[in-house]
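Good morning, everyone, and thank you for making room for me today. Please look at the sequence and the structure on the screen while I talk, and stop me whenever a term is unclear.

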Amino acid sequence: MVYGKHENIEIDINKLVVLPQVRKQKNEKIDELVESIKQNGLINPIDIAIMDSEHFKSHIAFINGLWKANVDFKPYPSINGLYYVIIAGHTRYQAICQIDKEQNSNSKIYAKVHNAKTSEEILSLQLDENIHTAPRIEERAIAIIECYYLGLQTGKWVTKKDFINENKSKFSPDVLNDALTFSNLPTKIQEYILNKNIYYQVGVELGKIDTLINDYEKKQLGKNHTEKELNKAIVCEYLIMLNEIKKKQSLKKAIDCIRGYKQMFEDSFKPKDELDQEQISWFNEGVERQSIEYLQRQKLQLNNLKKELSTSKINGMSELLTLITELTGLKTDEEKKVLATVSHSYQKTIANNIRKNT
């Protein structure tokens, strides 16, 4: 047995196919990688698969269906009708493109070719790649979600339990179950969280109450609502929750916030008499506890007010405004202008403080 044997090829960097990924933010280590490649060259080749036109179009259709995208296969480069698709090494590819841009050159890249011609084979390889490279949790979740839904389409498994049993040797049942729970969320909400705007684990907790949110919105809208009205109400509810969650200073507080919403949704289905009795019991537990909780909330609010506004928070608010526009159609241009003004003022204040202290 010979391990690690693959065909290796040299290929023009501009002939490679880079399919859109859910995560859009710049990889934090890409600048370090650029410097490493400049000094030492490309130590590890990227991984690619060679797909014919039929399988490539089918793979594009799967991506569009899963992530509600509108990717067109036509602009992608091919060589004699074959598409050289990157499976792993996207950051290495981006780093070399950045170097080419700086140096106004057009490089070739060394690539390891895998025997994968279908979506199932490619996603299976990407899932296995996650075992060896220990990527961030969001990237691992994307690979799991894509494999799960493709398997449902092809009939490889029928239920989540089937999928978990099939892949428990690769990841723990908890890791698999968390990713599938996260996938309950609306696609745009998933994308927002996967781009590191909010903790991934918060997304998992939101996924746990997805059915409850759907039921709650149906109850609030009554019987005579359309599916479009329901979907809009659901995404609005998520946006409201995301706005509150972003204010929390820790994962624990964010999860507590979700549990508070969960309790509110569940309470809406309880008979009024039962709710009244629960409230009476709570008040009967004593004024002292209520007073302590109130003072703790006040202290937290004061501490939050004392904290300076940071650029990262401004950027996060801008992301949320963009998401609101995408999901509801509401225009947020004016709000973004206000944020831009605040950001400029903040940067100016920081610069003045630096000058005063130097």
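Leaving aside its neighbours within four places in sequence, which residues is Thr187 in contact with? Before I answer, please keep in mind that this is a predicted model, in which local features need pLDDT of at least 70 and side-chain atom pairs count only at pLDDT 80 or more, while totals for chains, interfaces and linings use all residues. Residues are numbered from 1 along each chain as its sequence is written, and side-chain values use heavy atoms, with hydrogens and water left out.

Now to the answer: once the neighbours within four places in sequence are set aside, Thr187 touches Leu66, Trp67 and Lys68, where contact means heavy atoms within 4.5 Å. Thr187 itself sits in helix α8, and here I should say that helices (H or I, at least four residues) and strands (E, at least two) are DSSP runs, numbered from the N terminus. With a relative accessibility of 13%, Thr187 counts as buried; the word buried means under 20% relative accessible area, exposed means over 50%, and partly exposed is in between, with a 1.4 Å probe and protein chains only.

One of those partners, Lys68, deserves a second look, since Lys68 has a positive phi of about 50 degrees although it is not a glycine. Lys68 belongs to the loop between α2 (53-67) and β4 (82-88), and its relative accessibility of 62% makes it exposed. A second lysine with a positive phi is Lys196, where the value is near 65 degrees. Lys196 lies in the loop that runs between α8 (187-194) and α9 (200-208), and Lys196 is partly exposed, at a relative accessible area of 38%.

Let me step back to the whole chain. The protein chain has 16 helices and five strands, and of its 358 residues, 35% count as buried. If we take the contacts in the chain with a separation of 6 or more, residues 24 or more positions apart account for 73% of them.

Leu323 gives an example of such a distant pairing. Leu323 is placed in helix α15 (residues 311-328) and is buried, having a relative accessible area of 3%. Its C-alpha atom is separated by 8.2 Å from that of Ile189, although the two residues are 134 residues apart along the chain. Beyond four places in sequence, the contacts of Leu323 are Lys188, Ile189, Tyr192, Leu239 and Leu242.

I turn next to helix packing. Two packed helices are described by the angle between their axes and the distance between the axes. Axes are lines fitted to C-alpha atoms, for helices over the stretch in contact, and angles run from 0 to 180 degrees between N-to-C directions.

How do α4 and α5 lie relative to each other, and at what angle do they pack? Helix α4 (residues 119-133) and helix α5 (residues 137-154) pack at about 150 degrees, with axes 9 Å apart. The two are therefore roughly antiparallel, given that angles under 35 degrees count as roughly parallel, over 145 as roughly antiparallel, 65 to 115 as roughly perpendicular and the rest as oblique. Among the residues that make this contact are Leu123 and Leu127 of α4, together with Ile144 and Cys147 of α5.

Helix α7 (residues 173-182) and α9 offer another case, with axes that come within 7 Å and cross at roughly 70 degrees, and these two helices are therefore roughly perpendicular to each other. Their contact includes Phe182 of α7 and Val204 of α9.

Finally, the cysteines. How many disulfides does a search of the whole structure find? The search finds zero, a disulfide being a pair of cysteine sulfur atoms within 2.5 Å. Cys147, already named in the contact of α4 with α5, counts as buried at 9% relative accessibility. Cys236, by contrast, is partly exposed, with a relative accessible area of 29%, and is found in helix α11 (residues 227-246). The C-alpha atoms of Cys236 and Leu327 are 8.0 Å apart in space, while the residues are 91 apart in sequence.
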